[in-house]
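Reader: I'm new to this one and would like a close look at a single part of it. Could you pick one helix, tell me what it packs against, and then follow the trail from there?

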Amino acid sequence: MSGDGYWYDASAEGTQILAALRRFRAAEEHFRRQLVREMGMNITDVVAIRHVMAAEQAGAALTPRDLADRLEISTASVTTLLDRLAGYGHLDRVAHPTDRRKVVVRATAHAHEEVRTRLAAMHEEMARIAAAVPPHCRDAVVGFLDAMAGHFAGATGPADHDPAGT
């Protein structure tokens, strides 16, 4: 193992890119932990709000079952989560627009305002940084990130799990 924690020789092709990716992932994880702490919620709560807002933006009706599937948790756990987030004033349960037997989860104005307040400046800076990537490099950057995302999405077996994030 190399000195930087990777399971391959430090002189291997692409090591600098992977080290930069590791730094990015560590910084993002630190940011998420800080955000969650500041909001007084846990990470699943924040991810749930993100899923609800994304569904709203897409014009989709998100049911508690849909949210359970997206979070990969049980419907009983989603019920507890929704009760907690409704208590915080972040989410409401409303009647489904076309099927009155179902319930849809919606973000409150308070949740939208809190997310906007906490994340707007960060998103603007991310957009500025992305725009600074030279146009001729953008396809390569997008291809690399998509390939890494695909790799992580396919890495589901126990041998693929690395708790250290390497």
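Author: Let's take helix α1, whose buried residues are T15, A19, L21, L35, V36 and M39. Keep in mind that this is a predicted model. Those buried residues of α1 pack against three other helices: α2 (43-57), α5 (109-131) and α6 (135-154). As for its length, α1 covers residues 15-39, which is 25 residues, and at 1.5 Å a residue that should span 36 Å. The C-alpha atoms at its two ends are indeed 36 Å apart, so the expected span and the model agree. Just past the end of α1 sits G40, with a positive phi of about 70°.

Before following those partners, here's the wider layout. The chain has six helices and two strands, and if you read along the sequence they come in the order α-α-α-α-β-β-α-α. Of the 166 residues, 25% are buried. If you take contacts between residues at least 6 apart in sequence, 44% of them join residues at least 24 apart.

Now back to what α1 helps to build. The largest nonpolar core has 24 residues, and V52, L67, L81, L82, L85 and L91 are the ones with the most contacts inside it. Helix α1 supplies at least two residues of this core, and so does each of α2, α3 (64-71), α4 (75-88), β2 (103-107) and α5. The largest share, seven residues, comes from α2.

That makes α2 and α5, both partners of α1's buried residues, worth a look as a pair. Two packed helices are described by the angle between their axes and by the distance between those axes. For α2 and α5, the angle is about 105° and the axes are 12 Å apart. Angles of 65 to 115 degrees count as roughly perpendicular, so that is how α2 and α5 sit relative to each other. Where they meet, I49, M53 and E56 of α2 face A111, H112 and V115 of α5.

Another residue of α5 leads straight back to our starting helix. E114 lies in α5, and setting aside neighbours within four places in sequence, E114 is in contact with M39 and H90. Buried or exposed, which is E114? At 14% relative accessibility, E114 counts as buried, because the cut-off for buried is under 20%.

H90 gives us a link to strand β2. R106 lies in β2, and although R106 and H90 are 16 residues apart in sequence, their C-alpha atoms are 8.6 Å apart in space. Not counting residues up to four places away in sequence, R106 touches V52, E56, A60, H90, L91, D92 and V94. R106 is partly exposed, with a relative accessible area of 34%.

Two names on that list are worth following up. V52, with the same allowance for sequence neighbours, touches L62, L67, L91, V105, R106 and A107. A60 sits in the loop between α2 and α3 and, leaving out residues up to four places away, touches A55 and R106. With a relative accessibility of 33%, A60 counts as partly exposed. A60 and V104 are 44 residues apart along the chain, with 9.6 Å between their C-alpha atoms.

Terms used:
Residues numbered from 1 in each chain as written. Predicted model: local features only at pLDDT ≥ 70, side-chain atom pairs only at ≥ 80, totals over all residues. Heavy atoms only, no water. Helix = DSSP H or I, 4+ residues; strand = E, 2+ residues; numbered from the N terminus. Buried < 20%, exposed > 50% of the residue type's maximum accessible area, 1.4 Å probe, protein only. Contact = heavy atoms within 4.5 Å. Expected span 1.5 Å × (residues − 1). Core = buried A, V, L, I, M, F, W, Y, C linked by side-chain atoms within 4.5 Å. Axes fitted to C-alpha atoms, helices over the stretch in contact; angles between N-to-C directions. Parallel < 35°, antiparallel > 145°, perpendicular 65-115°, else oblique.
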